[in-house]
Amino acid sequence: MRISLLGATGSIGQSTLDLIAQHPDRFELRGVTANQDVEGLLAIVQRMRPALAAMADAGAAQQLRSRCRELGLTGTEVLEGASGLEQVAADPETDRVVAGIVGVAGLPSVWAAVTAGKTVLLANKEALVCAGALLVQQAKACGATILPIDSEHNAMFQCLGPDYRCFSRPVGVERLILTASGGPFRTWPADRIAKAGVSEAIAHPNWVMGKKISVDSASLVNKGLEFIEAHWLFHLPADRIEVVVHPQSVIHSMVAFSDGSTLAQLGSPDMRTPIAHALAWPERISAGVSGLRWDQTSRLDFEPPDLQRFPALAMAQACLAQGPAATNVFNAANEQAVETFLAGRLAFGGISQAIEATLNELVSRLSDPNSLDAVYEIDRQARRVCADWLKKQPSP
Ligand code: NAD
Ligand code: MG
């Protein structure tokens, strides 16, 4: 089976490459993409020899091209820019596409893969948050299959059974129970959370991930994005999706059925498990992850999320009720605020304030996007409004 990997140099990318390398008889890496990390992508090209390698940054692509030439890596065609990424995503020789780009930047290539009718292993939740309705419609029209690899959604997908397909309403399901670790600030008082620094925010207690999603996990924005993601993937209304904090991250999510059964998927917090599940689906392969040891699992705790200390989760849920323009703005403001926080120019507490200010300023003036261009236009407007608000904030 030939795999193309969007966002190959990132955390999802590395986990996927590890699995492909573990199963050389089963998988062939056909294409890879990255933003601007030339040496990172070059190392992958040297090791795995994909036919296609695309870089979003044209200058970086130019450098990669000459480095490949120097090293005699003539079997890899180097592509560049948005069209290069889309070419990898829609490549006719590719069987499955792993969507591991972070942020709305991943939406064009997810769209290209869906339009080409691919089986898409979706990690890039922001694509669904920004363009859920459009992507569902396009996937149905083009015969694309979505396999969720965000660990919670993959857990629910597994619980729904082998015949279930994303975007259809699951039969006999009462509720989806989305688990959250609670992040590094789960037990912190509000005033300490407001002043938290970058190194504290990216120190996730259970998972090792890219910086942006680590900050999102600390603010519970990630759970808000996942709540919206679950709504689109599993075609259930918001009042049938519940968030529960489960600090051990052993249960990756649950599905409650109408007969009183609740199914859960349990495992180690290692993304190779959900990615392996989707790479091999409907079969199973080894992932190099050891299974759950009951003798080393002392307890499973549950508590409700604290929406006072983590207001962004409640905001995301309210945005889902308001509609696609609101979720679009929520995502854009968060991306802008997290970037500013990571650059040391915003206090942690400012992230949810920036989202709130941008939503208040903008959403009532917008109508829901009916095309990808409209999605990108809302994204641009929200970033502008958010940037204006951020400029007025004192440095932390
Ligand atoms: P990361 O920061 O480690 O990697 C991001 C990748 O995207 C890199 O390869 C980078 O080159 C590429 N990229 C960034 N900006 C780009 C741009 N403008 N154009 C093209 N490519 C660009 O991120 P990650 O942690 O691997 O997360 C990737 C996605 O997967 C996110 O949507 C995240 O929410 C989701 N996800 C990640 C994890 C995890 O464990 N890391 C778990 C669940 C879901
Ligand atoms: Mg997740």
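Ligand 1 is a good place to begin: 23 residues surround ligand 1, and the closest are Thr9, Ser11, Ile12, Glu126 and Gly210. Please keep in mind as you read that this is a predicted model. Around that site, the briefing walks through an open sheet of seven strands with parallel pairing and an open sheet of four strands with mixed pairing. It then turns to a few backbone details, among them a cis peptide bond between tryptophan 281 and proline 282.

**The ligand site**

- Which classes of residue make up the shell around ligand 1? The shell has 12 nonpolar, eight polar and three charged residues.
- Two helices deserve a look here, since α1 (11-22) and α6 (125-142) each supply at least two residues of the shell around ligand 1.
- On the backbone side, a polar backbone atom of serine 11 lies 2.9 Å from an oxygen atom of ligand 1.
- Glycine 10 also takes part through its backbone, with a polar atom 3.2 Å from an oxygen atom of ligand 1.
- From a side chain, an N or O atom of glutamate 126 is 2.7 Å from an oxygen atom of ligand 1.
- How much of ligand 1 does the protein cover? On its own, ligand 1 has 820 Å² of accessible area, and the protein covers 86% of that.

**The seven-stranded sheet**

- Reading across this open sheet, the strand order is β4-β3-β2-β1-β5-β6-β7, and the pairing is parallel.
- Which strands form the edges? They are β4 (77-80) and β7 (145-148), each of which pairs on one side only.
- Neighbouring strands of this sheet are turned against each other by 20° on average, direction ignored.
- At the β4 end, β3 (residues 52-55) pairs with β4 in the parallel sense over four bridges.
- One residue pair to pick out is alanine 54 with leucine 79, its bridge partner in β4.
- Helix α3 (residues 58-70) packs on the sheet and touches β3 and β4, with its direction at about 170° to that of β4.
- Helix α4 (residues 81-90) packs on the sheet as well, touching β1 (2-6), β2 (28-34), β3, β4 and β5 (96-99).
- The direction of α4 makes about 125° with that of β4.

**The four-stranded sheet**

- This open sheet has the order β9-β8-β10-β11, with mixed pairing.
- Its edge strands are β9 (241-245) and β11 (262-266), and each pairs on one side only.
- From one strand to the next, the twist averages 20°.
- Inside the sheet, β8 (residues 173-180) and β10 (residues 251-257) run antiparallel and are joined by four bridges.
- Within the strands β8 and β10, valine 173 stands opposite phenylalanine 257 in β10.
- Strand β10 also pairs with β11, in the antiparallel sense and over five bridges.
- For alanine 256, the bridge partner in β11 is threonine 262.
- How many residues lie between the strands in the hairpin of β10 and β11? There are four, and in this hairpin glycine 260 takes a positive phi near 95°.

**Backbone details and loops**

- The peptide bond that joins tryptophan 281 and proline 282 is cis, with omega about 5°.
- Where does proline 282 sit? Its place is in the loop between α12 (272-280) and α13 (311-322).
- Proline 305 lies in the loop between α12 and α13 too.
- Proline 305 and arginine 186 are 119 residues apart in sequence, yet their C-alpha atoms are 8.9 Å apart in space.
- Leaving aside its neighbours within four places in sequence, proline 305 is in contact with Leu220, Val243, Val245 and Leu313.
- Histidine 235 is not a glycine, but has a positive phi of about 55°.
- That histidine 235 is found in the loop between α11 (221-234) and β9.

Conventions. Residues are numbered from 1 along each chain as its sequence is written. Chains are lettered from A and ligands numbered from 1 in the order in which they are written. This is a predicted model: local features need pLDDT of at least 70, side-chain atom pairs count only at pLDDT 80 or more; totals for chains, interfaces and linings use all residues. Side-chain values use heavy atoms; hydrogens and water are left out. Two strands pair if DSSP finds at least two bridges between them. Axes are lines fitted to C-alpha atoms, for helices over the stretch in contact, and angles run from 0 to 180 degrees between N-to-C directions. Contact means heavy atoms within 4.5 Å. A residue is near a molecule or strand if one of its heavy atoms lies within 4 Å of it. A polar contact is a pair of N or O atoms within 3.5 Å; within protein, one must be able to donate a hydrogen and the other to accept it, and residues adjacent in sequence count only if both atoms are side-chain atoms. Accessible areas come from the Shrake-Rupley method with a 1.4 Å probe; for residues, only the protein chains shown count as cover. Ala, Val, Leu, Ile, Met, Phe, Trp, Tyr, Cys and Pro count as nonpolar, Asp, Glu, Lys and Arg as charged, and the others, Gly among them, as polar.
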